[in-house]
Structure formats: C-alpha cells, structure tokens
Amino acid sequence: MRGTIRREDFVGSIADALQHISYFHPPDYVRALAHAYRAEESPAARDAIAQLLTNSRMCAEGHRPICQDTGIVVVFLDIGMSVRWDADDSVEQMVNEAVRRAYRDPDNILRASMVADPLGTRKNTGDNTPAIVHMKLVPGDEVHVRLAAKGGGSENKATFATLNPSDNLADWVVKTVPTMGAGWCPPGILGIGVGGTAEKAMLLAKESLLAPIDMHELKARGPANRIEELRLAIYERVNALGIGAQGLGGLSTVLDVKILDYPSHAASLPVAMIPNCAATRHAHFTLDGSGPATLPVPDPSVWPEVQWGPAPSARPIDLDSVTKDEAATWKAGDMLLLSGRLLTGRDAAHQRVARMLANGEPLPEGLDFTNRFIYYVGPVDPVRGEAVGPAGPTTATRMDKFTDVMLGQTRLLGMIGKAERGGATIDSIKRHGAVYLIAVGGAAYLVSKAIRSSRVVAFPDLGMEAIYEFEVENMPVTVAVDSEGRSIHQTGPEEWRRRIELKSAN
Ligand code: SF4
C-alpha cells in the first residue's frame, strides 16, 4: 500500500544498496577519474590513476570491494510525514539490521571496521554496526534514502574552523588542503559546508558529497551563481597545488568541489571540509510502499579502456633475500614489484608490539621482523577461494609513533603503506637506513591479486588487525622515502606545483 513502508523492504533495500556500492563506483566518479587519467602528465600519478580505474572495473566485474576499508555507513533519511511503518523496530534498528546483513553477506563479505568503546577496549563490533543515521521529517508519504560507506582515511581528514565573516573561504581551503597530506587518497572530492553552527556546517559538508560530480559541465557552461564561482575557483586553486593522485605530484588532486550553505549568526562563519576519496561510494533511492528499491547496474561502457600493467622500469625484488644494502640503492620514486614473504600489521598490532618491547616481553613465537617488510593493511576476509580479500594499504602516518621503535628494536627493513610520513619518522628511516614504500590506496582488489597466500602469524584475536604473513608475487609499490630520507610526497608536489605555475605563466 502506498505510504506504508514494510520492514523487509526498508532493510532489504539498504542492505542491497550497501552491497551495490561496495563494488560499483558511481558512474560519474568513474567518468571524472577517466577524464583525470587522460589529462594527467605526471607518470607516477597517471600510473596510480590507472590502478584505480583498473581496480574499479575489476570490482564491478568480480563483485568484490573497491577498497579494503569498506567504510562506516552514513545514512540520510528524508521521511514523509504521512509515512506509516509496517515494522516494530525503530528506524535506526532497521538500518543497523541492514548493515549487519550487507556486511556479513557470505558471497561478498565486507570488512567490519566499527569498534565500540573508542576510548577504551576499541573492540570490533563484528558487523560494522552501528551506522550513523540522520533523519529529517518532510511533507509526503515517501522515504528518500541517501547512503554512503565512508572510508576512515578520508574521514580522518575532516576539518572545521570558525572564520571571521570577512575571511575568504577559498583561501582557507587552499591553506588547509596541503595539511591533509595524502591519507585521504586523492583524487577525490571536497565537500564543504558553510554557515549554521559547528555541527550544521559539518553535516552540510558530509551531505554535499552525495551530489553527482558535475565539474566538467560547470566548467563548460560557466558559473551561474556565487557558490558555483567559488566551487570553480577552489577546484582550480587546489589542483594548482600539484599534490596529485596519492600525493605523488600531478595535475588532479580534486575531481570536484561541492558546497552547501546555510544562514549563520552575524558574528560567525563556520566552515567544514570533508574529503571523499578514491573509494567514493554512495547510493540514493526512494521507497513509497510499492516494494523494495532496485539500483541500476552501471553499463560496462562507463569504464574506459584502461588496463594497468607494471611500468617497464619497475624493478623485481625478492623479499626473501633482499638486504639493507640492496634497499639502499632504491631511490624515492622508483617503482618496484615485490615477490616473496612480508608481514602485515596496523594500529592495534603496532601498539601491542611496542608495549611488549617496552615491557621487555618476548614477541610471540614465530614473529620475527628481522630483514622483513611490514605492510600496513587490514584485509577483507576471503571468499570464493581467494587467498585474501581486497587488501590495499592503510594510512602510514598513524604508525609514525611506533616506527622508530620498530626500526630500532626489531631489525625491520622497511614498511609499506600509503601517504606521507612525518618529519621525525623520515629522520628515523634515514638514521636506520630503512625505506618506506607505498601501494595505491583505493586499488585494494587489484593489489590483492598479487597475494598468493596468507596465514595469521600473531595476535589472531585482533581479527583484521592481526599480524599475517602474505606471500606476494609482483606486488606493485613505489619507493616513497628512500634510505637517504628523500620523500616523494615532498619532491613530487613541489615539482608539479612549479610546473603548473610555469604553465599558467606562459
Ligand atoms: S580509498 Fe583510501 S581513504 Fe578511501 S577507504 Fe580506501 S584506503 Fe580509505
């Protein structure tokens, strides 16, 4: 009956949509990324975008997650005031049931990333609940659902400021974006909320990311109002920073800039910025009581004819025999293909290892970092005979506080992650003659195809944060910090900013 929403239609539609967005990028994002690929002149950034596009198509075909971080679920509901619910649960309970169902789907299991007691035990809730639910009552007898699965790396870069009313928004954005580093996996979208109060500005920023990417249309037709003028100005100025894909230096840092505004107090100008990453995932549908929603499957022609392959200059490296002397010959920017065994570990494992070392406790039997590389990753569980599910890198900056201890006390040779390292960590890498390599954040399924086997070595209770040993074959990485402390995340953007400046001066 029209206007009566059955529990199963609501739960099933949200669960299906979460599965859908785990493996289908929105077509507008793929088109914008393809455009960026064609326009990119930086070889390193072009290689990274090729990996993202190839990964995107592989996920669409294989129905496996675009990224190992399958996101925190954020749902915006516009609920008609005449809607009746054929359900006993609360709306939030139904949304959480949908999340549970989607993330535990045995055919395409998704990674549960939510932890309870965030200041204490940080225990994984096991099913990625709870979701973040925003509800609004609106006229009508329909329920409009907009949902997203938001990656932690980009969410961590959310920024808020209260500007003076006379301050310039574009100046603030251009000053702030470089401080976000590359952990948000550019190229992506900047969502900006302006006005209201602090919490309203943040909400507007998040909501703005749900709009379709239309920057190329906007550029072609020209801005029609002040907000569009600002979007265009910020887009041009941020891309002129030269940060580029994965922060490697290049022409495309943002594919679009979205702005939503709201009236504010005469004394204030609250502004919020939330980036969306290479794993941009959102869906929209309406329920009117006539049954569950079905989302359209993107036409395969959406994906461009781009098939990533290793650069001819990429050097094969045998991880089982590599030495410190050999690693010392690698230069920042070199592309490598890793084969052999590596260990994994991220936040919780590092914290535990550091604590054990500080207490003088022996590490678990079989855990030996000598001459090994550690890959910062929390993989998705395998399905259908996979060695491991999608397993892209996580943001390395979070491991900075443990790196000196790891390099100094475990004889670790190097690390693999994504994004830049802090100054003190770069000094430590140089002092220990170590190296830091990066894989492409957001190309998780493609990366996982290089992993031939996986076994848990230590801390099985940590789930996806346990220490695994992966056997890899031709895993593509780039040297981000070499043993002399040169960082591609410094040199790349500097070089491309200069080139862009030169180009616009001529
Ligand atoms: S693309 Fe990057 S920021 Fe986005 S979910 Fe994946 S790892 Fe996180």
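Modeller: Before we start, a convention: Ala, Val, Leu, Ile, Met, Phe, Trp, Tyr, Cys and Pro count as nonpolar, Asp, Glu, Lys and Arg as charged, and the others, Gly among them, as polar. Also, this is a predicted model.

Colleague: OK. How does the shell around the ligand divide into nonpolar, polar and charged residues?

Modeller: Four nonpolar, six polar and three charged.

Colleague: And which residues are closest to the ligand?

Modeller: Cys67, Gly151, Cys185, Cys277 and Lys418 are the closest, out of 13 that surround the ligand.

Colleague: Switching to Arg421. Where is Arg421 placed?

Modeller: In the loop that runs between strand S16 (414–417) and helix H13 (423–431).

Colleague: Buried or exposed?

Modeller: Arg421 has 4% relative accessibility, so it counts as buried; the cut-off for buried is under 20%.

Colleague: What does the side chain of Arg421 make a polar contact with?

Modeller: The side chain of Tyr376, at 3.4 Å. In addition, a polar atom of the Arg421 side chain lies 3.5 Å from the backbone oxygen of Ala396.

Colleague: Which residues is Arg421 in contact with, leaving aside neighbours within four places in sequence?

Modeller: Among them are Met399, Asp400, Thr403, Met415 and Val481. Tyr376 and Ala396 are on that list too.

Colleague: Now the sheets. What is the order of the open sheet that includes S2?

Modeller: S6-S2-S7-S12, four strands with mixed pairing. Strand S6 (132–138) and strand S12 (282–287) are at the edges with a single partner strand each, so each has one side without a neighbour in the sheet. From one strand to the next, the twist averages 15°.

Colleague: How many bridges do S2 and S6 pair over?

Modeller: Seven, in the parallel sense, with S2 covering residues 72–80. Gly80 has Val138 in S6 as its bridge partner.

Colleague: Which helices lie across S2 and S6?

Modeller: Helix H4 (residues 91–103) lies across S2, S6 and strand S7 (143–150), at about 140° to S2. Helix H7 (residues 198–208) also lies across S2, S6 and S7, but at about 95° to S2.

Colleague: What about the sheet with S8, what is the order there?

Modeller: S8-S11-S9-S10, an open sheet of four strands, again with mixed pairing. Strand S8 (159–163) and strand S10 (254–264) have a single partner strand each, so one side of each is left without a neighbour in the sheet.

Colleague: In what sense do S9 and S10 pair?

Modeller: Parallel, over nine bridges; S9 spans residues 188–196. Gly193 is bridged to Leu260 in S10. Helix H9 (residues 226–239) lies across S9 and S10, running at about 140° to S10.

Methods:
Residues numbered from 1 in each chain as written. Predicted model: local features only at pLDDT ≥ 70, side-chain atom pairs only at ≥ 80, totals over all residues. Heavy atoms only, no water. Helix = DSSP H or I, 4+ residues; strand = E, 2+ residues; numbered from the N terminus. Buried < 20%, exposed > 50% of the residue type's maximum accessible area, 1.4 Å probe, protein only. Polar contact = N/O pair within 3.5 Å; in protein donor to acceptor, adjacent residues only side chain to side chain. Contact = heavy atoms within 4.5 Å. Near = heavy atom within 4 Å. Pairing = 2+ DSSP bridges. Axes fitted to C-alpha atoms, helices over the stretch in contact; angles between N-to-C directions.
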